[in-house]
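I opened the notebook to record what I looked up in this model, working from the overall chain down to single residues.

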Amino acid sequence: MSHGQAPMEWEGDAVAWRNRTFLLFDRLPVPIALCSPNGDVLMANPAMAAEWGELPGRLRGLSALALFRTPGTDQFHAVAEAVRHGRRSRYPVEVSWSAAGGAERYGELTIDLLADSPAAEPVLLLVLRAHGERAAAGPDPVPPDARGGGASAAEARILALVAGGCTTAQVARAVGLTVDGVTYHLGRLSRRWGVGNRAALVARAYVAGVLAPGVWPPATAPDGQPGTDQRPS
């Protein structure tokens, strides 16, 4: 606050600059997101959300680990250690993701640790730089860890729980995701397979061989998870 400036004037200036910052955040063509220390998305700009064909608000609450894949866990582990020890630095992470339309894209995610003071809990600033696509978009894209039906092992387990009648909250507890995270995976599967509701999604999973036929409670196919009762207690 400059000398002689009234508190009300200073507060007005602060609000104006905050609004300008949010406006800049929304208009930047570079994909950007702010995350909590554990990686949950707090805010995402339209450029980031557009990578998945979503509105920014739809990414809020999702884990960055649900949005991006890395060659291994070491890179994210280094960031987690930095957050735990309060080290302020910049960390580049190689990532890939399934973009809107099914294209498999890859690039670099730069993670900065931001905080108002050394003692304050940091916020993670994620800046995404896309390098290209690994394969052309197709009507039924298959993730790198997917089996023949086009579902990863994690997605297959979610489908088995849904087929068994579990609610989204029950599925989230069973697989260790947030409710929004489960909804995100189901929405991505629905878009991938071109179906409009959960009943059709489950039917498509059986036809694709992701779920084992003739088994109750529903289980993933023999080449996936063991066919045991996967319902949460």
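In which strand is Glu94 found? I located Glu94 in strand E3, which covers residues 90–98, where strands are DSSP runs of E with at least two residues and helices are runs of H or I with at least four, both numbered from the N terminus.

Before going further I noted that this is a predicted model, in which local features need pLDDT of at least 70 and side-chain atom pairs count only at pLDDT 80 or more, while totals for chains, interfaces and linings use all residues. Residues are numbered from 1 along each chain as its sequence is written, and side-chain values use heavy atoms, with hydrogens and water left out.

For the protein chain I recorded 9 helices and 5 strands, arranged along the sequence as α-β-β-α-α-α-α-β-β-β-α-α-α-α. I also noted that 40% of its 233 residues count as buried (buried means under 20% relative accessible area, exposed over 50%, partly exposed in between, with a 1.4 Å probe and protein chains only).

Back at Glu94, I entered the residue as exposed because its relative accessibility is 51%. From Glu94 to Thr110 I read a C-alpha to C-alpha distance of 8.8 Å, with the two residues 16 apart in sequence.

Is Ser96 buried or exposed? Ser96 also lies in strand E3, and I entered it as buried because its relative accessible area is 9%. Leaving aside neighbours within four places in sequence, I listed the contacts of Ser96 (heavy atoms within 4.5 Å) as Leu67, Phe68, Arg69, Glu104, Arg105, Tyr106 and Arg134.
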